[in-house]
Amino acid sequence: MATERLRVLHVLEALEGGTARHVRDLVVCGTRADHVVIIPATRPGCLTDTEVADEMRAAGADVRIVDMRRSTLASRNAVALVKVWRIARQVRPSVIHGHSSIGGVVARLVGRMLGIPAVWTPNGVLVGRFPLMIERGLSRWTAQTIAVSRTEAGLIGDLELSPPDRVATIPNGLAPFEIDDAPDVRAMAGIPAGAPLVGCVARLVDQKGIDIFLEMVSTLIKERPDAYAVLIGTGPLEALAKETAQRLDRFRWLEGFNGSRAVLPQFTVFVLLSRYEGAPYTVMEAMSQACACVVTDVVGSRDLIVDGESGVLVPPEDPETAARVVGDLLADAGRRSELGTAARRRVAESFTADGMAEETVRLYEALSSLQETRRTRR
């Protein structure tokens, strides 16, 4: 008798940033499974990555639209729960995989109701009292939690969000991407050709330390009269970015656009000053393009960069130190080249999408097999 193919139902509250890239890579590279992906059409104030949705469809995924909101108590999420339950009953997945906060909540509740093994990938653990209370309550219905970095796994354990034997560390991996026909970011931003350019590509949210980045830029351009800085992104902190761009004559804010990672090689130094992470894709993408990177020494980011070898780690909430480190790199082309070369090699050797997808599909298969064994014994 032929074995039924593994079918995985993914639930995402938003198709943006690293989470979108993560699920896209699981679908495209995880070819031993069939994938059904639930995404919202859009999310207010955010950049929905429509290119990723098209890539998943092209890879054979069944993409369904269900709107959700980031707030746990939003009424739309109750409606989403019912819709996801109906889809799960229809497609009969072997495993249901929730991504990020709301996607994780909905997936595990549906898994509990229908007896489907539920997997949760936080993609950055929220540490507020209310989110932690919810996650601890849901842990009993989580067949496996996937940490996308070693330090995220440690944080999950420290916060008692899942028993140690139900936490798997599967580092994020990067798929090759094209940079042909990339827009000239200096021309877009009105920056002189060849001017030293410090860049950041990120969602404009508190997590990404956007306010710290802007403080760093303010200090840096006072000390480096030849340097410019650009922030590319969309999100709730757009007003702060716009106000800073009006106040500082060598800082530019550009709204986020699909494919913005293609401009990473144009940055003299890439900077991401997050307050917390899972394992940020923009850092891996910048490293893969041999860009010298300066990032905060926080969970997830510190797993990607070997400090002083393939990039530089700086303390969180410390714009002065970040400005000094970035200024030193702007003044030392040889050092930037050394860091960039080592960064590209590290990503190629340690963080691949194929490896990430293979490990994840093996985990799905193990959970599905265990579930089938339990059914047989009943």
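**Strand 9 and its surroundings: a friendly Q&A**

In this predicted model, strand 9 is covered on both faces, with Tyr228, Val230 and Ile232 buried on one side and Ala229 and Leu231 buried on the other.

Q: How many residues of strand 9 are buried?
A: Let's take the two faces in turn: Tyr228, Val230 and Ile232 are buried on one side, and Ala229 and Leu231 are buried on the other. Strand 9 spans residues 228-232. The number of its residues that are buried is five of five.

Q: Which residue of strand 9 stands opposite Val201?
A: Strand 8 covers residues 197-201, and five bridges join it to strand 9. The two strands run parallel. Opposite Val201 stands Ile232.

Q: What is the handedness of the crossover from strand 8 to strand 9?
A: After strand 8 the chain goes through helix 8, residues 210-223, and then enters strand 9. That path makes a β-α-β crossover, and its handedness is right-handed.

Q: Which residue of strand 10 is the bridge partner of Ile232?
A: On this side, strand 9 is joined by four bridges to strand 10, residues 251-254, and the pair runs parallel. Leu231 stands opposite Trp253. For Ile232, the bridge partner in strand 10 is Leu254.

Q: Which helix makes a right-handed β-α-β unit with strand 9 and strand 10?
A: The helix to look for packs on the sheet and touches both strand 9 and strand 10. Its direction makes about 145 degrees with that of strand 10. Residues 238-247 form this element, helix 9.

Q: Which strands stand at the edges of the open sheet?
A: Six strands form this sheet in the order 10-9-8-11-12-13, with parallel pairing. An edge strand has a single partner strand, so one of its sides is left without a neighbour in the sheet. Here the edges are strand 10 and strand 13.

Q: By how many degrees are neighbouring strands of this sheet turned against each other on average?
A: The sheet in question is the open one with the order 10-9-8-11-12-13. With direction ignored, the average turn between neighbouring strands is 20 degrees.

Q: At what angle does helix 8 run to strand 9?
A: Helix 8 lies across several strands: strand 8, strand 9, strand 10 and strand 11. Strand 11 is the stretch 269-272. Relative to strand 9, helix 8 runs at about 165 degrees.

Q: Is Asn123 buried or exposed?
A: Asn123 sits in the loop between strand 5 and helix 5, and its phi is positive, about 55 degrees, although it is not a glycine. Most residues other than glycine have a negative phi. The relative accessible area of Asn123 is 16%, and the cut-off for burial is under 20%, so Asn123 counts as buried.

Q: What does Glu317 count as at 47% relative accessibility?
A: Glu317 is a residue other than glycine with a positive phi, near 60 degrees, and it lies in the loop between strand 13 and helix 12. Buried means under 20% and exposed means over 50%. Because 47% falls between those cut-offs, Glu317 counts as partly exposed.

Q: What is the relative accessible area of Ser301?
A: Ser301 lies in helix 11, residues 301-304. Leaving aside neighbours within four places in sequence, its contacts are Glu277, Pro280, Val295, Thr296 and Leu313. Ser301 is buried, and its relative accessible area is 2%.

Technical notes
Residues are numbered from 1 along each chain as its sequence is written. This is a predicted model: local features need pLDDT of at least 70, side-chain atom pairs count only at pLDDT 80 or more; totals for chains, interfaces and linings use all residues. Side-chain values use heavy atoms; hydrogens and water are left out. Buried means under 20% relative accessible area, exposed over 50%, partly exposed in between (1.4 Å probe, protein chains only). Contact means heavy atoms within 4.5 Å. Two strands pair if DSSP finds at least two bridges between them. A crossover is right-handed if, with the strands pointing away from the viewer, the path from the first strand over the helix to the second runs clockwise. Axes are lines fitted to C-alpha atoms, for helices over the stretch in contact, and angles run from 0 to 180 degrees between N-to-C directions.
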